[in-house]
Each structure stands twice: as C-alpha cells, then as structure tokens.
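Subject: Structure handover

Hi,

Here is the structure I promised to pass on. Have a look at it first, and then read on for what turned up.

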Amino acid sequence: MKLNKLEKSRVLFSKNIEIFRCAICKDHMMVKNNNSLICSNGHCFDISRKGYVNLINRSSNQVYNQELFEARNKIYLRGCYDPLTKELIHLIELYLPMNHQKYILDAGCGEGYYLNQISKDKKLYGTSNFVGIDLSKEGIRMATRGNSKILWCISDLANMPLKSDKMDVILNILSPANYEEFVRVLKKDGIVIKVIPEPQYLKEIRALLGDRIKRDHYSNENVMRVFQSHLGLIAEKKLNYQWEINESDLRNLIKMTPMTSRLTAEEIETLVIRKISSITIDLKILVGQYKS
Ligand SMILES: [Zn+2]
C-alpha cells in the first residue's frame, strides 16, 4: 500500500517521538492514531496533510511571506548556494562519525532548501534523521514539497519542541540564533554550524545603491562574540565566490534580500536591473561545540 504524505509523516514522527517534548508544558509526547502529537497533559498538535506539525498556538510572523520564499527557492534551485551546501555536508562528515545514527537540525530552516539538499547526501541519508524548524508556516509548507523523510515543525526557536541533549548537528544558516535553546538541545559531543554574511556579500548591489539602501549596523564581531560566549569555536571557514546572474535571477535575489526593502519596484528596475552580470557570495561558516 502506498502511504500518502500525512501517513508517512505519522510513521516518521512515531519513530522519532522520543526527541520531542510538549511546547506548552514540556512533557513527553506520543503520536495518536488521529494524526496528532499529544502530551501526557492533553496538549494536542495536529500533523497536517502536507506532513508537518504546527507546535505553536498562534499565527506565525509577518516579516516573511510566500513571495519571499518563492523568490529564495528559485535562486536556490539555480545553484547559487550549492558551494555552501557542499561545504556544510563536508563539515558534518568531518566532525561526526558516519557510523552512528544522528540527528541533524536546521534551526530557522525557512523553505527548507539546505536540509532538503543535505538529506539527499548518500552518506548522511542512511545514518541521519533530519529535523527542520521555522516559525514561518509559509516556509515550512514549502519545505514539505521536498524530502518526506524530514521532521518539519512550525515552532519558535526560543521554545523548541525538542528534549534536551538530543541533537548531533544544529545548522543555523543566514538566520537569527537562539543559543540558549541550541545549547540545551545539543548533545555534549554535538556541533553547531552557523553561517553568516561577510562584508563583500552581494557587494555589487550595495555599490549601485549607495545611500539608498538600509544602513545595516550588522557587525560580524558582535555575532562572533555572542557565538563564542555560548559555544567553543572549533573552526571557522570563509567561503567567497562569484556567481553569474541573469536578469530574472537578479530580480529574485533582490526580492530575497532585506537591504533593498525600502526601494520601489521602479527604483529597482532603473538602478539595478541590467547593470549587474555577476554577484559575490561572501560567507563565513562557524563551527562550535558544547562548552563545558
Ligand atoms: Zn503539554
């Protein structure tokens, strides 16, 4: 019998239920036949027909929207961030033994591109379980279009529905972190891999827009300091490359970057489109481990 997405997810959540805890009372959970996760105090979370579980009791954030995730997904599918995906797989394989079953969590996974790609890796596929968490319902709904072997959850990163000391890898890619929760759910021998933008990231767009773009007071020094106050830094790696871009990809790229959010569509057309033929991807990857 061929299982549909909901049934597959019920099986998957049942198999992995021991890592979950109730988002409300933090008690154990079990999977009920009526396709829901329920805790011993009766708090109930439905598995959706698309195969994810909503573990928050309110509507998700307003900042991200369907259009942004669609634009991001188009750019991802063009391969712009493939060198990053390769590097993430390499780091997971480098720091963790391949012969034991492990949990890989993408915290702030958005539309799930990286986790979907990583879960296809031959070595990781057989030895890993994958959990994707994001606050955005639109993001998680898109994520479920991919690999049905991933436990997709809508949840607040500040209150993850996971028991302590369960994750071998926590990925946090170009997304805000919650280190208290990361340290809580991370196994003592696990690793956190965080990806942050570096100063040259999309410099071509910045150069054209000058004063018109949002002045980001983003400082990598500050990010590094906060990272290292919670985790021991065991490696850092720079990833810098050029990517050729056509007009339609450039429009999608602009939609997905917050720095152009104050510009009108007309300004974007006249100031940017047709003026850029390649962009710079400049990232830093931090690898941290539990700090005793
Ligand atoms: Zn509960």
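Let's start with a pair of tyrosines: both Tyr 76 and Tyr 113 are buried. Bear in mind throughout that this is a predicted model.

So what do those two tyrosines do with each other? Tyr 76 and Tyr 113 make a stacked aromatic pair, with 4.7 Å from centre to centre and 15 degrees between the planes. That angle falls under 30 degrees, which is why the pair counts as stacked. Tyr 76 sits in helix α2 (residues 66-77) and Tyr 113 in helix α4 (residues 113-118), so the pair ties together parts that are 37 residues apart in sequence. There is company too: Tyr 76, Tyr 81, Tyr 113 and Tyr 114 form one aromatic cluster.

Some of these tyrosines show up again around a cavity. The structure holds two cavities of 30 Å³ or more, and the largest cavity has a volume of about 50 Å³. Its lining includes Tyr 76, Tyr 113 and Tyr 114, along with Arg 72, Asp 106, Cys 109, Glu 111 and Ile 173. Glycines take part as well, namely Gly 108, Gly 110 and Gly 112. Helices α2 and α4 each supply at least two residues of that lining.

Back to aromatic pairs, of which the structure holds seven. Another of them joins Phe 13 and Phe 20: the ring centres are 5.4 Å apart and the planes are at 40 degrees, so this pair is tilted. Are these two rings buried or exposed? Phe 13 has a relative accessible area of 0%, so Phe 13 is buried. Phe 20 is also at 0% relative accessibility and therefore counts as buried.

Next, the metal site. Which residues hold the zinc ion? Cys 22, Cys 25 and Cys 39 coordinate the zinc ion through SG and His 43 through ND1, at 2.1 to 2.3 Å. Along the chain, these donors follow the spacing C-x2-C-x13-C-x3-H. The angles among the four donor atoms run from 104 to 115 degrees, and the site is tetrahedral. For reference, the ideal angle for four tetrahedral donors is 109.5 degrees. Two of the zinc ligands come from separate elements: Cys 22 lies in the loop between α1 (5-15) and β1 (29-32), while Cys 39 lies in strand β2 (residues 36-39), so the pair ties together parts that are 17 residues apart in sequence. Both Cys 22 and Cys 39 are buried.

Then there is the second largest pocket, with about 200 Å³ of space. Its lining is made up of 15 residues, and those nearest the centre are Val 11, Leu 12, Lys 15, Asn 16 and Lys 149. Helix α1 gives the largest share of the lining, four residues. At least two residues each come from α1, α5 (122-127) and β6 (128-134). Lys 149 is worth a second look for another reason: Lys 149 lies over the face of Tyr 125, at 4.2 Å from the ring centre.

One last spot to visit is Ile 279, which is found in strand β11 (residues 278-290). Ile 279 is at 0% relative accessibility, so Ile 279 counts as buried. Its C-alpha lies 5.3 Å from that of Trp 243, although the two are 36 residues apart in sequence.

Over to you!

Notes
Residues are numbered from 1 along each chain as its sequence is written. This is a predicted model: local features need pLDDT of at least 70, side-chain atom pairs count only at pLDDT 80 or more; totals for chains, interfaces and linings use all residues. Side-chain values use heavy atoms; hydrogens and water are left out. Donors are N, O and S atoms within 2.8 Å of the metal (3.2 Å for Na, K and Ca); water is not among the atoms, so sites may look incomplete. Four donors count as tetrahedral if all angles lie between 85 and 135 degrees; four count as square planar and six as octahedral if opposite donors are over 155 degrees apart and all others between 65 and 115; anything else is irregular. Buried means under 20% relative accessible area, exposed over 50%, partly exposed in between (1.4 Å probe, protein chains only). Rings of Phe, Tyr and Trp (its six-membered ring) pair if their centres lie within 6.5 Å; planes under 30 degrees apart count as stacked, over 60 as edge-to-face and the rest as tilted. A charge sits over a ring if NZ of Lys or CZ of Arg is within 6 Å of the ring centre and within 35 degrees of the ring normal. On a 1 Å grid over the protein atoms alone, a cavity is a set of points where a 1.4 Å probe fits but cannot get out, and a pocket is an open set with protein on both sides within 12 Å along at least five of seven lines; lining residues have an atom within 4 Å of a point. Grid points are joined across faces, edges and corners, and a volume is the space filled by probe spheres set on the points.
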